[in-house]
Amino acid sequence: MTMTNLSPTKGQTRVRYIGPDSWGRPVFKDEEGNYYKSTELDPEGGYPNASPEEKGGIWLNLCTSEPSNDPEGEPGYIVASSMFVLVE
């Protein structure tokens with residue numbers, strides 16, 4: 001599953017990987033300042049160096065961050081990976 005695309009389709013949100021939180025979970029941020037995180041741990045070497053299988057697991061377990069403006073927030077609601085486009 002590859003999420004990289006610079007041209008989101010209607011209804012998709014552009015997010016950037018910003019690094020792991022203090023628990024080692026990958027964190028992403030959208031253009032409006034909302035954070036999302038996976039319940040999977042960030043792979044060794046970080047998300048950019050993860051295998052396709054590891055990236056797929058991260059996206060399948062992507063959640064809102066609660067509160068949404070806190071990269072250290074708790075994982076909240078699961079979100080559909082199809083809602084996002086990863087901008088590198």
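Let me begin with one residue, Pro-26, which is buried, with a relative accessible area of 0%, and please keep in mind as I go on that what we are looking at is a predicted model. Where does Pro-26 sit? Its place is in strand E2. If we leave aside the neighbours within four places in sequence, Pro-26 is in contact with ten residues that you can find in the structure, namely Tyr-17, Gly-19, Pro-20, Tyr-36, Lys-37, Ser-38, Glu-40, Leu-41, Asp-42 and Ile-58. Take the last of these, Ile-58: along the chain, Pro-26 and Ile-58 are 32 residues apart, and yet their C-alpha atoms are separated by 7.7 Å.

Now let us step back to the sheet. Six strands form an open sheet, and if you read across it the order is E5-E4-E3-E2-E1-E6, with mixed pairing. At the edges stand strand E5, residues 74-78, and strand E6, residues 84-86, and each has a single partner strand, so one side of each is left without a neighbour in the sheet. From one strand to the next, the twist averages 45°. As a general reminder, strands of a sheet pair through backbone hydrogen bonds, and they may do so in a parallel or an antiparallel way. Strand E1, residues 13-20, and strand E2, residues 26-30, run antiparallel and are joined by five bridges, and within this part of the sheet Arg-16 stands opposite Lys-29 in E2.

Next comes helix H1, which covers residues 52-60. Which residues of H1 are buried? They are Lys-55, Gly-56, Ile-58 and Trp-59, and seen down the axis of H1 these buried residues fall within an arc of 160°, so they line one face of the helix. On the other side of H1, by contrast, Glu-53 and Leu-60 are exposed. The buried residues of the helix pack against E1, E2, strand E3 (35-38), strand E4 (62-66) and E6.

That leads me to the largest nonpolar core, which has 10 residues in all: Val-15, Phe-28, Tyr-36, Tyr-47, Ile-58, Trp-59, Leu-62, Val-79, Phe-84 and Leu-86. Helix H1 and strand E6 each supply at least two residues of this core. In soluble globular proteins, nonpolar side chains tend to be buried together.

Let me finish with one member of that core, Tyr-36. Again leaving aside the neighbours within four places in sequence, Tyr-36 is in contact with a list of residues that includes Val-15, Phe-28, Leu-62, Val-79 and Phe-84, and the list also includes Pro-26, the residue with which I began.

Technical notes:
Residues are numbered from 1 along each chain as its sequence is written. This is a predicted model: local features need pLDDT of at least 70, side-chain atom pairs count only at pLDDT 80 or more; totals for chains, interfaces and linings use all residues. Side-chain values use heavy atoms; hydrogens and water are left out. Two strands pair if DSSP finds at least two bridges between them. Helices (H or I, at least four residues) and strands (E, at least two) are DSSP runs, numbered from the N terminus. Axes are lines fitted to C-alpha atoms, for helices over the stretch in contact, and angles run from 0 to 180 degrees between N-to-C directions. A nonpolar core is a set of buried Ala, Val, Leu, Ile, Met, Phe, Trp, Tyr and Cys residues joined through side-chain atoms within 4.5 Å. Buried means under 20% relative accessible area, exposed over 50%, partly exposed in between (1.4 Å probe, protein chains only). Contact means heavy atoms within 4.5 Å. The arc is that of the directions from the helix axis to the C-beta atoms.
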